[in-house]
Amino acid sequence: MIRLENLTVSYRRHPAVHHVSGSFADGQATAIFGPNGAGKSTLLKTIMGALKPDAGRVLMRGVARRDLAYLPQQSEIDRSLPVSVIDLVSSGHWQRSGLFGKVGRNDDDASWNALVTVGLEDFATRPISALSSGQFQRVLFARILVQDAPLILLDEPFNAVDATTTADLLRLVERWKAEGRTVIAVLHDEQQVREHFPQTLLMAREVIAWGDTAEVLTADKLRRASDTAAHWSANAPVCRVDGVRP
Ligand SMILES: Nc1ncnc2c1ncn2[C@@H]1O[C@H](COP(=O)(O)OP(=O)(O)OP(=O)(O)O)[C@@H](O)[C@H]1O
């Protein structure tokens, strides 16, 4: 469904993702794992279309960009917007209905049911600015439920989230897996990856290993990832691949 072909993505000519090639397993859960600054979020943003590659491409077969649900890192969301919990959840319908499209009774029911699923029905009319980090993350997961997308991209979904909320949200990930959706998540917790994500892309700007989690998360490959990242420097030479902006 999603194939990366020699993908290079740079900031001011310095590649954060470097010559990455490979395929994400259809209908399975893949973790993107690696040290800080490894290019994980950059890769996710490129797949969802927010960043343009300098070279190579993201091939999406059988799925359009409007068929994907994307959960950004919480730090990238402005929570001061005067939006209620239920309105944020309902905005998950926009991809299908359009911004000014009618939201029908079924859509309202779906929003409410999603809120019930994440245990926040009593918070429906609250402004999102009045939620804790964990509650807000539940709301964002409810929005993904409403989106009903075959492809789900999650960027550090359990960051600043307590153990109970993490367990509840992981149950939703398990449900998406059982429903045959493709889930791709940037994660930092190795145990979570081993328990819930059968596939792993281990990266440090480039691919260190990609495949079955048990074969990817070995001591020597994890060491190689951190060694590779340690060599990275903001002053590293620019990539000379064709297509990188001069
Ligand atoms: N907007 C930006 N402008 C310039 N450089 C950036 C930008 N965003 C990321 N970078 C750089 O690109 C590299 C990869 O960043 P990215 O956020 O993709 O890594 P990551 O693997 O998600 O890291 P972390 O685990 O710390 O969240 C880093 O060196 C980072 O400093």
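This section describes the sheets, helices, ligand shell and selected residues of a predicted model.

The secondary structure of the predicted chain comprises nine helices and nine strands. The chain has 246 residues, of which 39% count as buried. Among contacts with a sequence separation of 6 or more, 71% link residues that are 24 or more positions apart.

An open sheet is formed by three strands in the order β2-β1-β4, with antiparallel pairing. Its edges are occupied by β2 (14–24) and β4 (55–60), each of which pairs on one side only. From one strand to the next, the twist averages 25 degrees. Seven bridges connect strand β1 (residues 2–11) with β2 in the antiparallel sense. Within this pairing, Ser10 has Pro15 of β2 as its bridge partner. Helix α1 (residues 40–48) packs on this sheet and touches β1, β2 and β4, its direction making about 65 degrees with that of β2.

Thr46 illustrates the environment of this helix. The residue lies in α1 and counts as buried because 23 C-beta neighbours are found inside 10 Å, the threshold for burial being 20 or more. Apart from neighbours within four places in sequence, Thr46 is in contact with Leu7, Val9, Val17, Leu51, Pro53 and Val58. The C-alpha atoms of Thr46 and Met1 are 15 Å apart in space, with the two positions 45 residues apart in sequence numbering.

A further open sheet contains six strands in the order β5-β6-β7-β3-β8-β9, and its pairing is mixed. Strands β5 (68–71) and β9 (206–212) stand at its edges with a single partner strand each, so that one side of each has no neighbour in the sheet. Direction ignored, neighbouring strands of this sheet are turned by 15 degrees against each other on average. Strand β6 (residues 151–155) runs parallel to strand β7 (residues 182–186), and five bridges join the two. Ile152 has Val183 in β7 as its bridge partner. Helix α1 also packs on the six-stranded sheet, where it touches β3 (29–33), β5, β6, β7 and β8 (199–204). The direction of α1 makes about 150 degrees with that of β6.

Strand β3 is largely enclosed by the rest of the structure, because five of its five residues are buried. The side chains of this strand are divided between two directions: Ala29, Ala31 and Phe33 point one way, whereas Thr30 and Ile32 point the other way, and all are buried. On the β7 side, β3 runs parallel to its partner and is joined to it by four bridges; here Ile32 has Val186 as its bridge partner. The pairing of β3 with β8 is likewise parallel and extends over four bridges, with Ala31 standing opposite Thr200 in β8.

The ligand is surrounded by Tyr11, Ala16, Gly34, Asn36, Gly37, Ala38, Gly39, Lys40, Ser41 and Thr42. Helix α1 gives the most to this shell, with three residues. By class, the surrounding residues are three nonpolar, six polar and one charged.

Helix packing was examined for α5 and α6. The axes of helix α5 (residues 133–147) and helix α6 (residues 163–178) come within 10 Å and cross at roughly 10 degrees. Helix α5 is therefore roughly parallel to α6, since angles under 35 degrees fall in that class. The contact involves Gly134, Gln137, Arg138 and Phe141 of α5 together with Thr165, Leu169 and Leu172 of α6. Three of these contact residues are nonpolar, three are polar and one is charged.

Arg138, one of the α5 residues that make this contact, is found within helix α5. This residue counts as buried because it has 26 C-beta neighbours inside 10 Å. With neighbours within four places in sequence left aside, Arg138 is in contact with Val118, Gly119, Leu120 and Thr165. Arg138 and Val118 are 20 residues apart in sequence, and their C-alpha atoms are 5.7 Å apart in space.

Technical notes:
Residues are numbered from 1 along each chain as its sequence is written. This is a predicted model: local features need pLDDT of at least 70, side-chain atom pairs count only at pLDDT 80 or more; totals for chains, interfaces and linings use all residues. Two strands pair if DSSP finds at least two bridges between them. Axes are lines fitted to C-alpha atoms, for helices over the stretch in contact, and angles run from 0 to 180 degrees between N-to-C directions. Two residues are in contact if their C-beta atoms, placed from the backbone, lie within 7 Å. A residue is near a molecule or strand if its C-beta atom, placed from the backbone, lies within 6 Å of it. Ala, Val, Leu, Ile, Met, Phe, Trp, Tyr, Cys and Pro count as nonpolar, Asp, Glu, Lys and Arg as charged, and the others, Gly among them, as polar. Angles under 35 degrees count as roughly parallel, over 145 as roughly antiparallel, 65 to 115 as roughly perpendicular and the rest as oblique. A residue is buried if 20 or more other C-beta atoms lie within 10 Å of its own, exposed if 12 or fewer, and partly exposed in between; C-beta atoms are placed from the backbone.
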